[in-house]
Every structure is written in structure tokens, then in C-alpha cells.
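Please open the structure in a viewer and keep the selection panel at hand. The tour below proceeds one selection at a time.

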Amino acid sequence: MKKITQNVSLADQAYNLLKKAITSAELAPEEELPEERLATDLGISRTPLREALRRLAMEGLIVLQKGRPAIVATFTKEDSLEYMELRRVLEIHNIGKIISKSDEDLLSELKKNLTRQLEAISNNNYHEFIELDREFHLILASRNGNKKFKEMIHQMNTGVNRAFLVLSNTLHVSAYDAYQEHVKLTEALEAKNVSSAKEKMLEHLQNVEKRFLSYFQKEENK
């Protein structure tokens, strides 16, 4: 794992480095994360490290343990399928709540994200694409005034995206399909067609689940 070299946003840098180490499987599920060792490895004090660990725990990537080192969270197919079921409930409902707020600012933000998604695919940068995929859905959630609702969508997306990050060696097969689904959803939002937008979101999330199950099956057959 790389050391932090700048003295700005130490917690952010520690968070990003640890997240990458977890999602790339450099840090294995259930591996312990002793603060003293991590602080030494990263070249920082424990204060920004603890902030980074708290953020990772909120995203379900690690488990904090009282009186013991944190551990890398385990990852199962069942967990991800449960996240997907909740995502369908939350994100389709969210479309109905925000479609009246589909103004130029929201559409511009979504389209900029789509441009970056396509660039990531063109550059074969699938970790970046997955982060942009997650960001796309969080942009939609950001227009919902219900804070708890937004937090739940954030948590569900993080859990599912971790699955794709772990399996991202096969993502190139369908990243462009996911991008096109996002484009169609954005077009429905721009037309303020709520039934079409909900339908596009449902189709997209069903396809996400199918892709995930396909990737997981390939891993199980190795």
C-alpha cells in the first residue's frame, strides 16, 4: 500500500488508499487492520486514520470492533442480492419524488457524469467507471429532501458497488450496456415522463442484478 505524501486532507487520502486496497483484494475479507501498523504504513498519525476507518465502516467496507482491530468486511452474493432488492424499492420510488425537480442543473450534472462514464470505458478504467456509476445514482438521490432516504440509497449503492469492484476483472463485458441504460434514464427524466423513467430505472436495476449474478457465477466456477 502506498504512503501518503501530502499534508493536506490526510483522512481523505487514507480513506481512498484503504478503499482501493480493499476493493482490489490487496486487503482480504476478515483481514485485521491494526491502527498502529496502518498508521506506519501510510505515514500518518492515528487521528486522520481513525476518521478514514469510520468512513469505510459507514460504507460497509470494514467492521469496527470494540477493543480489537477493525477487520475487512466479508462479501457474499446473498448480501448483494438483498442490497439490490432494497435498491429497486428505494430508487424507483425516488424517481417519482424528484422528477418534478429535473431542472437544467440536475440534467447537466447527470450528463457530465455520463461523459466521464464513457471516457472511463474508453480508457478501460473500470474501477473509475464503477465509482461514476455509483455517483450517477447518488446525484439522483441528492434531489430528494428526505435525508434518511438519501443515506439509505448511499448505503445500498456502496454495498452493491463493492461487489462489482471485487469482480471488476469481468466488468468490461457489460459496462457499455450500463452506460446506455443510464443515458435512456436521463432522457426519460429530461422528458419528465415519470412512468418511462421508473420503467427505465427498473430495467436498469434488473440488468445490474443479472450482470452481478453472471459475474459471481464465473468466479464460483473458477
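Begin with the largest nonpolar core of this predicted model. The core has 28 residues, and those that touch the most other members are Leu110, Phe129, Leu140, Leu185, Leu189, Ala197 and Met201. Select these seven residues by name and display their side chains. Which elements give two or more residues to this core? They are helix H4 (77-98), helix H5 (104-122), H6, helix H8 (175-190) and helix H9 (194-220). H6 gives the most, with seven residues. In soluble globular proteins, nonpolar side chains tend to be buried together.

**Leu189 and its surroundings**

Next, centre the view on Leu189, one of the residues that touch the most other core members. Neighbours within four places in sequence are set aside here. Beyond them, Leu189 is in contact with Ile95, Ile99, Ser102, Leu107, Leu110, Leu140 and Ala197. Of these contacts, Leu110, Leu140 and Ala197 can be found again in the core selection made above.

**Two further stops on helix H8**

Select Thr186, which lies in helix H8. Is Thr186 buried or exposed? Its relative accessibility is 3%, so Thr186 counts as buried, the limit for this class being under 20%. When residues up to four places away in sequence are not counted, Thr186 touches Leu107, Leu110, Lys111, Leu114 and Phe136. Leu107 and Leu110 are also among the contacts of Leu189.

Now select Lys184, which is found in helix H8 as well. The relative accessible area of Lys184 is 47%, and the residue is therefore partly exposed. Add His204 to the selection and draw a line between the two C-alpha atoms. Lys184 and His204 are separated by 20 residues in sequence, and their C-alpha atoms lie 9.5 Å apart in space.

**The second core and the sheet**

Turn to a second, separate core, which has 19 residues. Select Leu27, Ile44, Leu56 and Ile62, which are among its members. Ile62 also leads to the next stop, since strand S2 covers residues 62-65.

Display the three strands as ribbons. In what order do they lie in the sheet? The order is S1-S3-S2; the sheet is open and the pairing is antiparallel. S1 and S2 stand at the edges, and each has a single partner strand, so one side of each lacks a neighbour in the sheet. Strands of a sheet pair through backbone hydrogen bonds, either parallel or antiparallel.

Examine the two pairings in turn. Strand S1 (residues 32-33) is joined to strand S3 (residues 68-72) by two bridges, and the bridge partner of Glu32 in S3 is Ile71. S2 is joined to S3 by three bridges. In this second pairing, Val63 stands opposite Ile71, while Ile62 stands opposite Val72. Selecting Ile71 therefore shows a residue of S3 paired with Glu32 and also with Val63.Then select Gly67, found in the hairpin of S2 and S3. The hairpin has two residues between its strands, and Gly67 takes a positive phi near 75°.

**The largest pocket**

Move to the largest pocket, which holds about 300 Å³ of space. How many residues line this pocket? There are 11, and Asn16, Lys19, Lys20, His127 and Glu131 lie nearest the centre. Helix H1 (10-23) and helix H6 (126-142) each supply at least two residues of the lining. H1 provides the largest share, six residues. Colour the lining by residue type: three residues are nonpolar, four are polar and four are charged.

While H1 is in view, select Leu18, which is found in this helix. With a relative accessibility of 1%, Leu18 counts as buried. Add Leu42, which is 24 residues from Leu18 along the chain; the two C-alpha atoms are separated by 9.4 Å.

**The whole protein**

Finally, clear the selection and show the full model. The protein has nine helices and three strands. From the N terminus, the elements run in the order α-β-α-α-β-β-α-α-α-α-α-α. Of its 222 residues, 44% count as buried. Among contacts between residues at least 6 apart in sequence, 74% join residues at least 24 apart.

Conventions:
Residues are numbered from 1 along each chain as its sequence is written. This is a predicted model: local features need pLDDT of at least 70, side-chain atom pairs count only at pLDDT 80 or more; totals for chains, interfaces and linings use all residues. Side-chain values use heavy atoms; hydrogens and water are left out. On a 1 Å grid over the protein atoms alone, a cavity is a set of points where a 1.4 Å probe fits but cannot get out, and a pocket is an open set with protein on both sides within 12 Å along at least five of seven lines; lining residues have an atom within 4 Å of a point. Grid points are joined across faces, edges and corners, and a volume is the space filled by probe spheres set on the points. Helices (H or I, at least four residues) and strands (E, at least two) are DSSP runs, numbered from the N terminus. Ala, Val, Leu, Ile, Met, Phe, Trp, Tyr, Cys and Pro count as nonpolar, Asp, Glu, Lys and Arg as charged, and the others, Gly among them, as polar. A nonpolar core is a set of buried Ala, Val, Leu, Ile, Met, Phe, Trp, Tyr and Cys residues joined through side-chain atoms within 4.5 Å. Buried means under 20% relative accessible area, exposed over 50%, partly exposed in between (1.4 Å probe, protein chains only). Contact means heavy atoms within 4.5 Å. Two strands pair if DSSP finds at least two bridges between them.
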